[in-house]
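Student: I should like to learn how to read the arrangement of domains and the surroundings of a ligand. May we work through an example together?

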Amino acid sequence: MIILGVVQRVARLWCGHNMKNITYNSAFVPQGAPASETYEAVTLGAGVQWHEAYAAVNNYGRLMVGGSSAGGSVGSSGGWLAGGGHSALSPNYGLGVDNALEMSVVLSSGKFLTVNRYQSSDLFWALRGGGGSTYGIVTSVTYRTYPSVPTQLYTYQANITNTSAAVELVGGLLRFQTQFTDDGWGGYGFISAQQISFFIFGPNMTNETAMTSTQAWHNFSASLTPFGVVATDKIYYAPSWYLLYQLIFSGGVENGQNVMITNRLLSRDSVATKYAELAEILVNCTASFNMVAGGKVSQINPDSAGLNPAWRKAVTETVCGVSWDEGTSSVDIEGIISQLKGWIKATYDLTPNDGAYFNEASLFEINWQETFFGSHYATLKSIKDKYDPYRLFVVAEGVGSEEWNADLTCRY
Ligand SMILES: Cc1cc2nc3c(=O)[nH]c(=O)nc-3n(C[C@H](O)[C@H](O)[C@H](O)COP(=O)(O)OP(=O)(O)OC[C@H]3O[C@@H](n4cnc5c(N)ncnc54)[C@H](O)[C@@H]3O)c2cc1C
């Protein structure tokens, strides 16, 4: 255990402050691949944060799939990728795991490996969606990049005067997730009983396509005006995705808060058949939703990466959360958490065949192995056992953690 603590601390220190290398290569060939297999790619040291990566590839007239947060603080090569890595661009270009071409990793034995589809392909598979802190320490990742493209932005906001209209509107919004993401829109939204808003990006989309694609939703929303829904929506054009990214995400910083969240990767089937019941829960929990699946994400072979196959059926990720102020009593916190557990159970019972995103989940998700990793769990476990035979790496509710006690201090 002492060794584990030391390794974790050393890894964090180096990844966070020193591994900032960014190398752009317009003709990258993965090790072991035929010389003709080239990509316009960027290799990022494990300490690179997304805002740094986006700025670097933009200098070459390129964009890439990465995370979104105020200030772009999320790490580009750590937990984000290990859990799957979603982006507002994912409905067009896939998830992080679909765009990683090669990774460098240090194993618990001390061995350094370069892994890709041609070398140690089983480990490369597991590192793409099988969870952070489980197989080894990733020191760099090479990602695909794409040409920078003009991008449409659609914004929607509704003020609502009664809860039943909010539920009706959210039910419609859930049904529209499939069409939106298959048309290439991706972005983020917020739900409460009084207000529903979202903003979505349409890369490489014409203004006419953007208008046609949002018209049915606009009409549906307008049909609820007599019931207390007052909505405004607008389409904007930007000459590049990066410009929009800078406008929306470059300001501000995220500070620490007492928050617990749960999420669900809602499948096409669930939004088509369970939308009314799901809408009740989402309005009640003051949810947010990430329109980061569907489209391209659905078209990729579910077995091409260790990622939970539930992602390939999903069209949206919904998130419910609770928070409390510093100094709240433990009894009150327990009460708040039991509300979260109630939403987890209600959503799970409605959508037992859908999964949850490992990176934005609660420790109280039901049946976590299946929920986070689906049918890939057993293979991920055998790869973990192969590459980390000393069980040096462990993370709560990560692959193989069932071999440990709840505090992860003793292995059975
Ligand atoms: C403000 C905010 C915005 C977010 N936005 C997005 C988003 O747009 N898309 C999305 O998919 N997710 C998003 N997330 C969730 C995010 O993916 C997870 O929080 C993820 O775990 C962050 O990884 P990290 O490496 O930056 O953080 P850390 O907390 O440092 O790491 C998370 C886990 O990965 C392990 N790990 C980290 N680095 C390595 C490494 N080099 N090798 C092996 N294991 C490693 C850590 O030990 C830990 O277990 C967001 C989270 C926040 C807080």
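**Domains and ligand shell**

Tutor: In this predicted model, the C-alpha centres of domain 1 and domain 2 lie 26 Å apart. The chain is divided so that domain 1 covers 2–147 and domain 2 covers 151–371.

Student: How many residues does each domain bring to the contact?

Tutor: The size of an interface is often given as the accessible area lost when the parts come together. Here the contact is described by residues: 32 from domain 1 and 34 from domain 2.

Student: Which elements supply the side of domain 1 that touches domain 2?

Tutor: At least two residues each are supplied by α2 (50–58), α3 (79–83), α4 (90–93), α5 (96–99) and α6 (121–127). The greatest share on this side of domain 1 is that of α4, with four residues. By character, the residues on this side comprise twelve nonpolar, 18 polar and two charged.

Student: Let us turn to the ligand. Which residues come nearest to the ligand?

Tutor: The ligand has 23 residues around it, and S69, G75, G78, G79 and G132 come nearest. Two or more residues of this shell are given by α3 and by β6 (137–144). With four residues, α3 gives the most to the shell.

Student: How do the residues of the shell around the ligand divide?

Tutor: The shell holds eight nonpolar, 13 polar and two charged residues.

Student: Where does the ligand lie with respect to domain 1 and domain 2?

Tutor: Both domain 1 and domain 2 give residues to the shell around the ligand, so the ligand lies between them.

Technical notes:
Residues numbered from 1 in each chain as written. Predicted model: local features only at pLDDT ≥ 70, side-chain atom pairs only at ≥ 80, totals over all residues. Domains from an automatic or database assignment. Contact = placed C-beta atoms within 7 Å. Nonpolar A, V, L, I, M, F, W, Y, C, P; charged D, E, K, R; others polar. Near = placed C-beta within 6 Å.
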